[in-house]
Amino acid sequence: MKHRLMAGLGAHALGCVLFVFLSWLGFYLYTQLFGALGSRGVAGGLALLLVFYVYAGTNVLLALLPPGRWKPVLCGLLGAAVLAYLLPQHPLRAIYFSVLSGGLSWLAVRASARLHRFLRS
């Protein structure tokens with residue numbers, strides 16, 4: 001149990017760091033390719049901060065849950081929730097961040113399972 005929690009928390013913490021880095025990289029590449037962002041003000045930034053908080057909270061929950069069917073369901077629900085939240089106002093960001101949040105969460109789940117097997121042996 002101790003190894004599973006350590007592996008889960010480590011993999012999901014790395015996923016949160018990668019989320020921040022890939023968010024920055026996505027914005028950098030977008031501004032290099034298409035110029036300045038289309039939206040102005042703080043609304044877009046605050047929306048993405050909320051997405052990060054939900055992502056981090058979901059990853060803590062994923063790290064603490066035992067292996068089973070709920071982890072892929074929770075990753076899919078996270079991607080769908082981010083898509084539904086951002087889609088009306090920011091369609092391009094919605095697609096990018098829903099794939100990023102759901103995909104990175106699933107990769108962290110798989111990495112924690114592999115790391116747990118490595119630590120157990």
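**Exercises on aromatic pairs, patches and burial**

Trp24 and Tyr28 both lie in helix 1, 4 residues apart, which is about one turn of the helix. The model used in these exercises is predicted.

**Exercise 1.** Find how many helices and strands the chain has, and the order of its elements.

Solution. Step 1: the chain has 4 helices and 0 strands. Step 2: read from the N terminus on, the elements run α-α-α-α. Step 3: for the extent of the chain, a box along the principal axes that holds the C-alpha atoms has edges of roughly 50 × 25 × 20 Å. Step 4: of the 121 residues, 32% count as buried.

**Exercise 2.** Classify the ring pairs Phe21 with Trp24 and Trp24 with Tyr28 as stacked, tilted or edge-to-face.

Solution. Step 1: choose the descriptors. A pair of aromatic rings is described by the distance of the centres and the angle of the planes. Step 2: apply the cut-offs. Centres must lie within 6.5 Å; planes under 30 degrees apart give a stacked pair, those over 60 an edge-to-face pair, and the rest are tilted. The total under this rule is 9 aromatic pairs. Step 3: for Phe21 and Trp24, the centres are 6.1 Å apart and the planes stand at 35°, so this pair is tilted. Phe21 and Trp24 both belong to helix 1 (residues 2-34), with 3 residues from one to the other, about one turn of the helix. Step 4: for Trp24 and Tyr28, the centres are 5.6 Å apart and the planes stand at 15°, so this pair is stacked.

**Exercise 3.** Name the residues that ring pairs link into a cluster.

Solution. The cluster consists of Phe19, Phe27, Phe52, Tyr53, Tyr55, Tyr96 and Phe97.

**Exercise 4.** Decide whether Phe21, Tyr28, Cys16, Leu33 and Met1 are buried, partly exposed or exposed.

Solution. Step 1: take the limits. Buried is under 20% relative accessible area, exposed is over 50%, and partly exposed falls in between. Step 2: Phe21 has 45%, so Phe21 is partly exposed. Tyr28 is also partly exposed, because its value is 40%. Step 3: Cys16 in helix 1 has 15% and therefore counts as buried. Step 4: Leu33, also in helix 1, is exposed because its relative accessible area is 66%. Step 5: Met1, in the segment before helix 1, has 68%, so Met1 is exposed.

**Exercise 5.** List the residues of the nonpolar surface patch and of the positive surface patch.

Solution. Step 1: the nonpolar patch, of about 720 Å², is made by Leu14, Val17, Leu18, Phe21, Trp24, Tyr28 and Leu29. Among these, Trp24 lies in helix 1. Step 2: the positive patch is formed by Arg110, Arg114, Arg117 and Arg120. Arg117 belongs to helix 4 (residues 91-120). Step 3: Arg117 has a relative accessibility of 42%, so Arg117 counts as partly exposed.

**Exercise 6.** For Met1 and Pro66, Cys16 and Val54, and Leu33 and Ala94, set the separation along the chain beside the C-alpha distance.

Solution. The values are tabulated below.

| Pair | Residues apart in sequence | C-alpha to C-alpha |
|---|---|---|
| Met1 and Pro66 | 65 | 9.2 Å |
| Cys16 and Val54 | 38 | 11 Å |
| Leu33 and Ala94 | 61 | 18 Å |

How values were computed: Residues numbered from 1 in each chain as written. Predicted model: local features only at pLDDT ≥ 70, side-chain atom pairs only at ≥ 80, totals over all residues. Heavy atoms only, no water. Phe/Tyr/Trp six-rings, centres within 6.5 Å; stacked < 30°, edge-to-face > 60°. Helix = DSSP H or I, 4+ residues; strand = E, 2+ residues; numbered from the N terminus. Buried < 20%, exposed > 50% of the residue type's maximum accessible area, 1.4 Å probe, protein only. Patch = residues over 30% accessible without salt bridge, like charges linked within 9 Å, V, L, I, M, F, W, Y side chains within 5 Å. Areas by Shrake-Rupley, 256 points an atom, 1.4 Å probe, with all protein chains shown as cover. Salt bridge = Lys/Arg side-chain N within 4 Å of Asp/Glu carboxyl O. Lys, Arg positive; Asp, Glu negative; His and termini not counted. Charge placed at Lys NZ, Arg CZ, Asp CG, Glu CD.
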